[in-house]
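Please work through the exercises below with the sequence and the coordinates open beside you. Each task is followed by a solution that goes step by step.

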Amino acid sequence: MKKIILFLLLVVTAGGAAHAFIDKYTLDRKDLPEPAREMLEKYFPKAKIGMIKVDRHLLKKTDYDVRLVNGTTIEFNNAGKWRSVDCKKREVPEGLVMRPIRTYVAKNGNGAKIVRVVKKSSGYIIGLSDGVELKFNLLGQLKKTKLEE
């Protein structure tokens, strides 16, 4: 009898722990950390949220994926700092891309717009509207160019 009770207790505990890591979908901005809410208010003030995915990981902290009604997707880390912004065909808000990168694209981009930006620990990945992908270091110096497939 003790083995059965112990087994049931183990099953209930494991089920509860697994439930803690299930992703959650919401529309409520209040589920985002304060820096994420501030970023959305500053750079996308009129955009409506289509969905927020609260992405819980077993060994990592929670991430947040926000999809706006216009198709833009923004990924935030657990602290609410943005990691990537993909505006599809629209231009990424100017303030999200550092000046040296904007200047480089303006001079060398043949009129292409910055439609995607990804922040990495080693620098930035920039997607242009003409399908070109540029990699910059943390100082905004170009490191690599490639044509997206």
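The exercises begin with the whole chain and then turn to single residues and strand pairs, all in a predicted model.

**Exercise 1. The overall make-up**

Task: State how many helices and strands the protein has, and in what order they run from the N terminus.

Solution. Begin with the count, which gives 3 helices and 9 strands in the protein. Next, follow the elements from the N terminus on, and the order reads α-β-α-β-β-β-β-α-β-β-β-β. Then turn to burial: of the 149 residues of the protein, 36% count as buried. The surface that the protein exposes comes to about 9,900 Å², and carbon and sulfur atoms supply 57% of it. Finally, take the contacts between residues at least 6 apart in sequence, of which 35% join residues at least 24 apart.

**Exercise 2. The surroundings of K119**

Task: Locate K119 in its strand, and determine which residues beyond its sequence neighbours are in contact with it.

Solution. The first step is to place K119, which belongs to strand β6, residues 114-120. The second step is its exposure: K119 has a relative accessible area of 32%, so it is classed as partly exposed, since that class lies between the 20% and 50% limits. The third step is to list its contacts, and once neighbours within four places in sequence are left aside, these are W82, R83 and Y124.

Two of these partners can be described further. For W82, a polar atom of the K119 side chain lies 3.4 Å from the backbone oxygen of W82, and K119 also lies over the face of W82, at 4.2 Å from the ring centre. As for Y124, this residue of β7 stands opposite K119. A further distance can be added for L138, which is 19 residues from K119 along the chain, with 9.1 Å between the two C-alpha atoms.

**Exercise 3. K120 and S84**

Task: Decide whether S84 is buried or exposed, and find how far apart K120 and S84 are in sequence and in space.

Solution. Start with S84, whose place is in strand β5, residues 82-86. Its relative accessible area is 11%, and S84 is therefore buried, the limit for that class being under 20%. Not counting residues up to four places away in sequence, S84 touches T73, I74, E75, V117 and V118.

Now take K120, which lies in strand β6 and is partly exposed, with a relative accessible area of 45%. Leaving aside neighbours within four places in sequence, K120 is in contact with I125 and L138. The separation of K120 and S84 is 36 residues in sequence and 8.9 Å in space, C-alpha to C-alpha.

**Exercise 4. From β6 to β9**

Task: Trace the strand pairing from β6 to β9, giving the sense and the number of bridges for each pair.

Solution. In the first pair, β6 and β7 are antiparallel over 6 bridges, and they form a hairpin with 2 residues between them. Strand β7, residues 123-128, is mostly covered, with 6 of its 6 residues buried.

In the second pair, β7 and β8 are antiparallel over 5 bridges. Along this pair, G127 stands opposite E133 in β8, while the bridge partner of G123 in β8 is N137. Their hairpin has 3 residues between the strands, and G131 takes a positive phi near 90° there. Strand β8 has 5 of its 6 residues buried, so it is largely enclosed by the rest of the structure.

In the third pair, 5 bridges join β8 to strand β9, residues 142-147, again in the antiparallel sense. The bridge partner of F136 in β9 is L142. The hairpin of β8 and β9 has 4 residues between the strands, and in it G140 takes a positive phi near 85°.

**Exercise 5. The aromatic pair**

Task: Classify the aromatic pair of Y104 and F136 from the distance of the ring centres and the angle of the planes.

Solution. A search of the whole structure finds 1 aromatic pair. The ring centres of Y104 and F136 are 5.7 Å apart and the planes stand at 75°, so the pair is edge-to-face, given that angles over 60 degrees fall in this class. The pair links distant parts of the chain, since Y104 is in helix α3, residues 99-108, and F136 in strand β8, residues 132-137, 32 residues apart. To finish, compare the exposure of the two residues: Y104 is partly exposed, with a relative accessible area of 27%, whereas F136 counts as buried at 3%.

How values were computed:
Residues numbered from 1 in each chain as written. Predicted model: local features only at pLDDT ≥ 70, side-chain atom pairs only at ≥ 80, totals over all residues. Heavy atoms only, no water. Buried < 20%, exposed > 50% of the residue type's maximum accessible area, 1.4 Å probe, protein only. Contact = heavy atoms within 4.5 Å. Areas by Shrake-Rupley, 256 points an atom, 1.4 Å probe, with all protein chains shown as cover. Polar contact = N/O pair within 3.5 Å; in protein donor to acceptor, adjacent residues only side chain to side chain. Phe/Tyr/Trp six-rings, centres within 6.5 Å; stacked < 30°, edge-to-face > 60°. Lys NZ or Arg CZ within 6 Å of the ring centre and 35° of its normal. Pairing = 2+ DSSP bridges.
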